[in-house]
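I opened this one to see what I could learn by looking up a few residues, then the chain, then the gaps inside. These are my notes in the order I made them.

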Protein chains: 2
Amino acid sequence: MFLAPTLTVSLPAIVANWQTLRARFVGEECAAVVKANAYGLGAVEVSTALEKAGCHTFFVATIEEGIELREALPDVRILVFHGVQAGEEFAFAAHRLIPVLNSLAQLERWKPIAAEHVHAVSALHIDTAMARMGLEVEEFTALLARDPAVLEATRVGLILSHFACAPEADHALNTEQLKRFNTARALAPSIPASLCNSGGIYLSREYHFDLARPGCSLYGIAPQAPTVNNTVRSASEPLAAGVSEAKGTMSPSNPMQQVATWHAPILATRTLEREQTVGYGATQTLPKGTRIATVASGYADGYLRHLSGHAVGYIGEHQVKLVGRVTMDMLCFDVSHVPESLCHDGAMLTLLGDADGIRVDDVAAAAQTIGYEVLTRIGRRVKRVYT
Amino acid sequence: MFLAPTLTVSLPAIVANWQTLRARFVGEECAAVVKANAYGLGAVEVSTALEKAGCHTFFVATIEEGIELREALPDVRILVFHGVQAGEEFAFAAHRLIPVLNSLAQLERWKPIAAEHVHAVSALHIDTAMARMGLEVEEFTALLARDPAVLEATRVGLILSHFACAPEADHALNTEQLKRFNTARALAPSIPASLCNSGGIYLSREYHFDLARPGCSLYGIAPQAPTVNNTVRSASEPLAAGVSEAKGTMSPSNPMQQVATWHAPILATRTLEREQTVGYGATQTLPKGTRIATVASGYADGYLRHLSGHAVGYIGEHQVKLVGRVTMDMLCFDVSHVPESLCHDGAMLTLLGDADGIRVDDVAAAAQTIGYEVLTRIGRRVKRVYT
């Protein structure tokens, strides 16, 4: 094994988060969303651990993700958010994948498969605000009027919709979506329903229905937008502020365990022999005597370039600041105040990780994005290690 | 094969870009930088095409990238920017990889290998402005004073340094770096030297030296920062502006051929039955009757979430605007003005590509980043296709 950055994924933390979400959910079943390779953390490993903990239903985005998961887990339910495309019908049946039917065309596409295979069930997506995929309520109403048997003919076993603003508990759109979803449900009251993502589970019980499908919070992302002094926290605050909050008032608002820790090895250290600018674009000037550690990770590994100027790492207990811009394969940190004995070549610097106080939501805020993007973009040069 | 997004990589365009760069470079040899999996486009495929075109020297970032490339190309020179770490020495020798020695520690680490293996050569990195890796000029001077045989003992065959601001031809740091590099070179004048990246090749001849090592421009990124009315273009302009410039005055300033085209299949289309907000956060309101096409790509595929609100695609000749936020696995475009016959399920929408006028630098500008990050982050669900 060569020295390389590592992403240590705590499967027990994911299981604990799933149990936390399940305990809060008042409906029948808590599923798990493992699309995009379980948000970059490894769909097979994560799903295998969750199945052992009692999770039976998994959601992926694409048919290829579904087939990969089916090979690892022969006995679970696997739903595919993108639904069924022309030419994919038989592969869905052969791998016992459940398409989330998102349009009239997808419903029609599934009818012959449902007629032919008794195990070929589907889910139906009702759009209540996203305008992305799914039937609008009006469209669903009109469909049932002209084709009353369509739900049996496509063997719909679940009706689902998708929140647009669930992390903001007081957003007016939540109640509007609930109303629209209930209108749709009233047209097919015997079919189980699913509305809640992670955020939805932290809304009141009327939102819960039968099946929850958390994703982000399994991986440590807060289910609700963090609030500071009762205002939703801006995504443009620098990470340093986020980190100090995380150790103070902010962290308790996220009930999830941190799941992923990213370590990057030190490639070299040096002490500046003169005051000088550092990095691409010469954006920052550092004084003579500054000691810099360069580590093996960069934006090609998913350390977002927007973190330039806004990020910190840890060496042991010592917080260190990123200096200069994020580059493709390397990051530089000011380690002037860290004991030299901790800064040798090959020593690991923490870029992300709970034990050291860098939560994924804080990294996201520093890069003006969301934790989902931080996790899903961690690249293949970062070796996954599972605990 | 299932319907999936594709990244079509033109190997002839990469070869043509390399030839353009080589023709402009006045030194002996033009190498190629293929680190980070050739900026996400496929290191083995790209390097194999370049070798056939006459390229003999390749640069990667890590030893693992070097080993992967060595397996494909037994006869080329492969240099590893990260240098040699403790425990990697014998793997470097076994795979005939050339470490870029970045510190006194790395020099010491290489001495026993150079002593033992006659083919074990190295490169030496002199830092002239980045403060990231490499010996400072003062450090190099002191080293030669106390260990005059060190370059022979480590068999240094190339001295290199790295520009901080080469895309800005008039940046004062360029001349300062040149001066420092010449100071270092004067201490070892018989050893070939390398300073130029893509941008450097477009600086004057005094910067060129013996070996150039272009990276970004092989993949279609402009070697020099684009200028509009003689001012460097801001990275915060929206893509729509960038695209119209690309068809007007800006594009001619980039002599490189576009290399990569990203197509995403339409999963479903729909017409809004009411005026409504769209997407996460309900950030945008669209009128009744708007037709939306949802395609299979998202930030998990490297379509940067910072493009939300700033991006366009193409369906054939029709430019379409991204609506709502970029989501993990899907993007929505307003296709109200596109003929329905072009918007069927499975039809491909262009997210990136020269033929349709979306250059990688324009996408980068819209996301307030650089083309390097756009390319290196395109994910594994996007199937690479080579022409």
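**Val44(B) and its helix**

I began with Val44(B), which comes out as partly exposed at 25% relative accessibility. This is a predicted model, so everything I jot down here is read off a prediction. Val44(B) is in helix α3 of chain B. I then asked what Val44(B) touches once residues up to four places away in sequence are left out. The answer is Glu68(B), Leu69(B) and Ala72(B). I also looked up Glu71(B): it is 27 residues from Val44(B) in sequence, and the two C-alpha atoms are 9.1 Å apart in space.

Thr48(B) is on helix α3 too, which runs over residues 43-52 of chain B. Its relative accessibility is 24%, so I put Thr48(B) down as partly exposed. For a partner I took Leu73(B), 25 residues away along the chain, and got 7.1 Å between the C-alpha atoms.

**Tyr202(B), in a loop**

Next I went to a loop of chain B, the one between α10 (198-201) and β11 (211-212), where Tyr202(B) lies. Is Tyr202(B) buried or exposed? It is buried, with a relative accessible area of 18%; the cut-off for buried is under 20%. I listed what Tyr202(B) touches, again skipping residues up to four places away in sequence. Thr20(B), Leu21(B) and Arg24(B) are among them, and so are Pro223(B), Gln224(B), Pro255(B) and Met256(B). Thr283(B) was my distance check: 81 residues from Tyr202(B) in sequence, and 43 Å from it in space, C-alpha to C-alpha.

**Chain A as a whole**

Then I turned to chain A and counted its elements: 13 helices and 22 strands. I wanted to know how compact chain A is for its length. The radius of gyration is 23 Å, close to the 21 Å that the globule rule gives for 387 residues, so chain A is as compact as a globular protein of that length. Along its principal axes, the C-alpha trace spans about 80 × 45 × 35 Å. Of the 387 residues in chain A, 62% are buried. I also looked at contacts in chain A between residues at least 6 apart in sequence; 66% of these join residues at least 24 apart.

**Two positive phi values**

I looked for residues other than glycine with a positive phi and noted Asn37(A), at about 55°. Asn37(A) lies in helix α2, residues 35-39 of chain A. Ala38(A) has a positive phi as well, near 50°, and its place is also in helix α2. How accessible is Ala38(A)? Its relative accessible area is 0%, so it is buried. Asn37(A), by contrast, counts as partly exposed at 23%.

**Thr183(A)**

Further along chain A, I stopped at Thr183(A) in helix α9, residues 172-185. Thr183(A) is partly exposed, with 41% relative accessibility. From Thr183(A) to Leu104(A) I get 79 residues in sequence and 19 Å in space, C-alpha to C-alpha.

**Cysteines**

How many disulfides does the structure hold over all chains? Zero. I wanted a reason, so I checked Cys332(A): the closest cysteine sulfur is in Cys343(A), 13 Å from its own, and that is too far for a bond. Cys332(A) is also buried, at 8% relative accessibility. I tried Cys30(B) next, where the nearest cysteine sulfur is that of Cys55(B), 6.7 Å away, and Cys30(B) is in no disulfide. A disulfide needs the two sulfur atoms within 2.5 Å. Cys30(B) is buried too, with a relative accessible area of 4%.

**Gaps inside**

Last, I looked for empty space. Rolling a probe the size of a water molecule over the atoms shows where such space is left. The search of the whole structure finds eight cavities of 30 Å³ or more. The largest cavity has a volume of about 110 Å³. Which residues lie nearest its centre? They are Phe81(A), His125(A), Arg132(A), His162(A) and Met330(B), out of 14 that line the largest cavity. I sorted the lining by type and got six nonpolar, four polar and four charged residues.

Note on methods:
Residues are numbered from 1 along each chain as its sequence is written. Chains are lettered from A and ligands numbered from 1 in the order in which they are written. This is a predicted model: local features need pLDDT of at least 70, side-chain atom pairs count only at pLDDT 80 or more; totals for chains, interfaces and linings use all residues. Side-chain values use heavy atoms; hydrogens and water are left out. Buried means under 20% relative accessible area, exposed over 50%, partly exposed in between (1.4 Å probe, protein chains only). On a 1 Å grid over the protein atoms alone, a cavity is a set of points where a 1.4 Å probe fits but cannot get out, and a pocket is an open set with protein on both sides within 12 Å along at least five of seven lines; lining residues have an atom within 4 Å of a point. Grid points are joined across faces, edges and corners, and a volume is the space filled by probe spheres set on the points. Ala, Val, Leu, Ile, Met, Phe, Trp, Tyr, Cys and Pro count as nonpolar, Asp, Glu, Lys and Arg as charged, and the others, Gly among them, as polar. Helices (H or I, at least four residues) and strands (E, at least two) are DSSP runs, numbered from the N terminus. The radius of gyration is taken over C-alpha atoms; the globule rule is 2.2 Å times the number of residues to the power 0.38. Contact means heavy atoms within 4.5 Å.
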